[in-house]
Amino acid sequence: EILFLDESFSKMDPDYQQSFVSKIKDFIHTPKSADFKISAVVSVTHDLNLVWRSSDHVWVLNHGRFCAQGRTREVLTSDLLRSMYPRAAPESLIQK
């Protein structure tokens with residue numbers, strides 16, 4: 001089973017976001033009955049900090065097209081962020 005979340009964290013403050021993400025991760029990693037297992041979570045978000053803190057793997061869209069995918073810390077590089085947000089300093093987009 002796949003759990004799809006579409007902008008589920010957009011109106012939450014950062015502490016509550018992190019708490020919710022932790023609960024989802026606990027839920028996924030806690031053994032369930034054979035009838036109900038979540039094998040993946042797909043979350044759509046514009047919050048790069050949330051992605052950086054909570055995702056193992058990302059697919060990145062830019063202007064509606066996939067432009068990168070892979071391990072979060074290998075994909076969300078300064079070069080990629082600079083190409084997507086040319087007016088912003090990459091270090092201002094993600095607080096590592």
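This is a short tour of one helix, one surface patch and one salt bridge, in a model that is predicted.

**Stop one: helix α1.** Select residues 14–29. That's α1, 16 residues long, and it reaches 23 Å from its first C-alpha to its last, close to the 22 Å expected at 1.5 Å a residue. Now colour Q17, V21 and I24, the buried residues of this helix. They cover an arc of only 60° around the axis, so they sit on the same side of α1. What lies over them? Bring up β1, β2 (40–44) and α2 (48–54), which are among the elements covering the buried residues of α1. Then spin the view to the face turned away from that buried side: there you'll find the exposed residues D15, K23, D26 and H29.

**Stop two: a nonpolar patch.** Stay with β1, residues 2–6, and pick out F4 within that strand. F4 counts as exposed because its relative accessible area is 59%, and the cut-off for exposed is over 50%. Add I2 and V42 to the selection: together with F4 they make a nonpolar patch on the surface, with about 290 Å² of accessible area between them.

**Stop three: the salt bridge.** How many salt bridges does a search of the whole structure find? Just one. To see it, show the side chains of R82 and D79, which meet at 3.1 Å, N to O. Side chains of opposite charge can pair when their charged atoms come close. Both residues belong to helix α4 (residues 78–84), three residues apart, or about one turn of the helix. Switch on a surface here: D79 is exposed, at 58% relative accessible area, while R82 is partly exposed, at 42%.

Methods
Residues are numbered from 1 along each chain as its sequence is written. This is a predicted model: local features need pLDDT of at least 70, side-chain atom pairs count only at pLDDT 80 or more; totals for chains, interfaces and linings use all residues. Side-chain values use heavy atoms; hydrogens and water are left out. Patches are made of residues with over 30% relative accessible area and no salt bridge: like charges are joined within 9 Å, nonpolar side chains (Val, Leu, Ile, Met, Phe, Trp, Tyr) within 5 Å. Accessible areas come from the Shrake-Rupley method with a 1.4 Å probe; for residues, only the protein chains shown count as cover. A salt bridge is a side-chain nitrogen of Lys or Arg within 4 Å of a carboxyl oxygen of Asp or Glu. Helices (H or I, at least four residues) and strands (E, at least two) are DSSP runs, numbered from the N terminus. Buried means under 20% relative accessible area, exposed over 50%, partly exposed in between (1.4 Å probe, protein chains only). The expected span of a helix is 1.5 Å times one less than its number of residues. The arc is that of the directions from the helix axis to the C-beta atoms. Contact means heavy atoms within 4.5 Å.
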